Amino acid sequence: MTRGNDLLQDALQQLDGWSTEPNHISRTLTIDESQHADLTERIKVFADAFELRPHVRRRNGCTEIDISRDEGVTLSEVSFAARIEDAYQNITGATREPSPRTKSTGRSRAWWRLRTAR
């Protein structure tokens, strides 16, 4: 496994609540209609900045987000998902407790700080 793949795996582990597959990452959020509208607007802005086209839909009182890439998920998609997660936390006022995985690797925390500082 290359250093780039190690970094990608570390970054994916930071995405609590996100499901990961080789070609996509996804998340289902239980939020109300106004929160969905707010989050969707923010996702549009992030998507333009990252030049990505996520699939966002409302179903059964939940917001479903899917970020796909035919060539496989890259750090760009993971960073985009992290922005969505931050927006979700901000909109709902939820706080995220660090998971045991988050504490496990200093290298990924350093990478994460660099990526989110932009």
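## Starting at the hairpin

Let's begin with one pair of residues: T20 has I25 of β2 as its bridge partner. This is a predicted model, and that pair belongs to an antiparallel pairing of β1 (residues 19–21) with β2 (residues 24–29), held over three bridges. The two strands make a hairpin, with two residues between them.

## The rest of the sheet

On from the hairpin, β2 also pairs with β4 (residues 62–68), again in the antiparallel sense and over six bridges. Here L29 sits opposite T63 of β4. β4 in turn runs antiparallel to β3, joined to it by five bridges, and R57 faces E64 of β4.

Put together, that gives an open sheet of four strands in the order β1-β2-β4-β3, with antiparallel pairing. Which strands stand at the edges? Those are β1 and β3 (55–59); each has a single partner strand, so one side of each has no neighbour in the sheet. On average, neighbouring strands here are turned by 15° against each other, ignoring direction.

## Helices across the strands

The protein has five helices to go with its four strands, and from the N terminus the elements read α-β-β-α-β-β-α-α-α. Two of the helices are worth a look against the sheet. α2 lies across β2, β3 and β4, and its direction is at about 175° to β3. α3 lies across β2 and β4, running at about 10° to β2.

## What fills the core

The largest nonpolar core counts 25 residues, and L39, F80 and I84 have the most contacts inside it. Elements giving two or more residues to this core are α1 (3–13), β2, α2 (33–50), β4 and α3 (75–92). Of these, α3 supplies the largest share, with eight residues.

What does L39 touch, leaving aside its neighbours within four places in sequence? The list is L29, I31, I65, I84, A87, Y88 and I91. L29, you'll recall, is the residue opposite T63 in β4, and I84 is another of the residues with the most contacts inside the core.

## The whole chain in numbers

Of the 118 residues in the protein, 42% are buried. If you take contacts between residues at least 6 apart in sequence, 72% of them join residues at least 24 apart. As for the surface, the protein exposes about 7000 Å², with carbon and sulfur atoms supplying 47% of that area.

Terms used. Residues are numbered from 1 along each chain as its sequence is written. This is a predicted model: local features need pLDDT of at least 70, side-chain atom pairs count only at pLDDT 80 or more; totals for chains, interfaces and linings use all residues. Side-chain values use heavy atoms; hydrogens and water are left out. Buried means under 20% relative accessible area, exposed over 50%, partly exposed in between (1.4 Å probe, protein chains only). Contact means heavy atoms within 4.5 Å. Accessible areas come from the Shrake-Rupley method with a 1.4 Å probe; for residues, only the protein chains shown count as cover. Two strands pair if DSSP finds at least two bridges between them. A nonpolar core is a set of buried Ala, Val, Leu, Ile, Met, Phe, Trp, Tyr and Cys residues joined through side-chain atoms within 4.5 Å. Axes are lines fitted to C-alpha atoms, for helices over the stretch in contact, and angles run from 0 to 180 degrees between N-to-C directions.
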